[in-house]
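User: I would like to learn how burial and salt bridges are read from a model, beginning with a single residue and moving outwards.

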Amino acid sequence: MRKRVRYVGRVQGVGFRATAHAVAARFRVTGWVRNEADGSVLMEVQGDEEIVAGVLHELGRVMERNIRGAHETAIPVVDREDGFHIQR
């Protein structure tokens, strides 16, 4: 499964992308995370359903003071994706 999540709040300039990358590395999922021009952070994460849920839960727990909202959408799986990356 693959989810796209838009995080809003104080999520830029606080190590959010690096934290997302570290969490994703522990769970061995694929995808990416990037800052958006509107001040939000957009992330796509792919893996088994319970693993994706674990990533989102752990990132939400670690960054809870910074997140005002997280808007999740299920999207199509990307074939042959390699690793989880920070996009600039």
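User: Is Glu44 buried or exposed?

Analyst: Buried means under 20% relative accessible area, exposed over 50%, and partly exposed in between (1.4 Å probe, protein chains only); Glu44, at 5% relative accessibility, therefore counts as buried. This is a predicted model, in which local features need pLDDT of at least 70 and side-chain atom pairs count only at pLDDT 80 or more, while totals for chains, interfaces and linings use all residues. Residues are numbered from 1 along each chain as its sequence is written, and side-chain values use heavy atoms, with hydrogens and water left out.

User: With which residue does the side chain of Glu44 meet in a salt bridge?

Analyst: A salt bridge is a side-chain nitrogen of Lys or Arg within 4 Å of a carboxyl oxygen of Asp or Glu, and here the side chain of Glu44 pairs with that of Arg4 at 2.6 Å, N to O. Because Arg4 lies in strand β1 and Glu44 in strand β3, the pair ties together parts that are 40 residues apart in sequence; strands (E, at least two residues) are DSSP runs, as are helices (H or I, at least four), numbered from the N terminus. Arg4 itself is partly exposed, with a relative accessible area of 35%.

User: How does a salt bridge within one helix look, and which residues form a network?

Analyst: Glu58 and Arg61 both lie in helix α2, 3 residues apart, about one turn of the helix, and their closest N and O atoms are 2.7 Å apart. Glu58 is buried at 15%, whereas Arg61 is partly exposed at 46%. Elsewhere, salt bridges that share partners join Arg2, Arg4, Glu44 and Glu81 into one network.
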